[in-house]
Amino acid sequence: MKCKGFDESFYGSATIGDRGQVVIPADARQQLDWQPGDKLLVMRHPMHHGVMLFKIEAVREFIDEFADLLSRADEQVKEDELK
């Protein structure tokens, strides 16, 4: 997925309903390929009053890719130390 600028990442607003539910705008769901039944990770933003939503499978893919990069970097450090 190509990174988008701030303007291209703005989908509008949403309102919290009486039961605490928020409707994610249709454009966001379509562009992110979020379907009914998908599981989302909900995290509080560490510095601001807000939340971040991630599809759980996307987080798993990111962590797997990051772990692979970390392993390769670790191997490179070990190879450099042997030289």
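This note goes through the strands, salt bridges, aromatic pair and surface patch of a predicted model.

1. **The hairpin.** Strands E1 and E2 pair in the antiparallel sense. Five bridges hold the register between E1 and E2. The two strands form a hairpin, with six residues between them. Two cross-strand partners are worth marking in a viewer. Leu40 has Lys55 as its bridge partner in E2. Val42 stands opposite Leu53 in E2.

2. **Salt bridges, overall.** Side chains of opposite charge can pair when their charged atoms come close. A search of the whole structure finds three such salt bridges. The pairs are Lys55 with Asp38, Asp68 with Arg72, and Asp74 with Lys78. They are taken in turn below.

3. **Lys55 and Asp38.** The closest N and O atoms of this pair are 3.3 Å apart. Lys55 lies in strand E2 (residues 51-55), while Asp38 is in the loop between helix H1 (26-32) and strand E1 (40-44), so the bridge ties together parts 17 residues apart in sequence. What is the burial state of Lys55? Lys55 is buried, because its relative accessible area is 13% and the cut-off for buried is under 20%. Asp38 is partly exposed, at 27% relative accessibility.

4. **Surroundings of Lys55.** Which residues does Lys55 touch, leaving out those up to four places away in sequence? They are Asp33, Trp34, Asp38, Lys39 and Leu40. Two of these names recur elsewhere in this note. Asp38 is the salt-bridge partner of Lys55. Leu40 is paired with Lys55 across the strands. Lys55 therefore combines a strand position in E2 and a salt bridge to Asp38 with a buried setting at 13% relative accessibility.

5. **Asp68 and Arg72.** The side chains of Asp68 and Arg72 meet in a salt bridge, 3.3 Å from N to O. Both residues are in helix H2, four residues apart, so about one helical turn separates them. Asp68 is partly exposed at 39% relative accessibility. Arg72 is partly exposed too, at 49%.

6. **Asp74 and Lys78.** Here the closest N and O atoms are 3.5 Å apart. The spacing is again four residues in helix H2, about one helical turn. Asp74 has a relative accessible area of 39% and is partly exposed. Lys78, at 49%, also counts as partly exposed.

7. **The aromatic pair.** A pair of aromatic rings is described by the distance of the centres and the angle of the planes. How many aromatic pairs does the count give? The count comes to one. The rings are those of Phe62 and Phe66, with centres 6.0 Å apart and planes at 25°, so the pair is stacked. The angle qualifies because planes under 30 degrees apart count as stacked. Both residues lie in helix H2, four residues apart, about one turn of the helix. Phe62 is exposed, with 52% relative accessibility.

8. **The nonpolar patch.** Phe62, Ile63, Phe66 and Leu70 form a nonpolar patch on the surface. Together these four residues have about 440 Å² of accessible area. Phe66 sits in helix H2 (residues 56-82). The two rings of the stacked pair, Phe62 and Phe66, are both members of this patch.

9. **Other positions in H2.** Glu57 lies in helix H2. Is Glu57 buried, exposed or partly exposed? Glu57 counts as partly exposed, at 45% relative accessibility. The C-alpha atoms of Glu57 and Leu40 are 8.5 Å apart in space, with the two residues 17 apart in sequence. Arg60 is also placed in helix H2. Arg60 counts as exposed, at 55% relative accessibility. From Arg60 to Asp27 the C-alpha separation is 24 Å, and the two are 33 residues apart along the chain.

10. **Points to carry forward.** Lys55 is the residue to look at in E2: buried at 13% and bridged to Asp38. In helix H2, two salt bridges each span about one helical turn: Asp68 with Arg72, and Asp74 with Lys78. The stacked rings of Phe62 and Phe66 belong to the nonpolar surface patch, together with Ile63 and Leu70.

Key. Residues are numbered from 1 along each chain as its sequence is written. This is a predicted model: local features need pLDDT of at least 70, side-chain atom pairs count only at pLDDT 80 or more; totals for chains, interfaces and linings use all residues. Side-chain values use heavy atoms; hydrogens and water are left out. Patches are made of residues with over 30% relative accessible area and no salt bridge: like charges are joined within 9 Å, nonpolar side chains (Val, Leu, Ile, Met, Phe, Trp, Tyr) within 5 Å. Accessible areas come from the Shrake-Rupley method with a 1.4 Å probe; for residues, only the protein chains shown count as cover. Buried means under 20% relative accessible area, exposed over 50%, partly exposed in between (1.4 Å probe, protein chains only). Contact means heavy atoms within 4.5 Å. Two strands pair if DSSP finds at least two bridges between them. Rings of Phe, Tyr and Trp (its six-membered ring) pair if their centres lie within 6.5 Å; planes under 30 degrees apart count as stacked, over 60 as edge-to-face and the rest as tilted.
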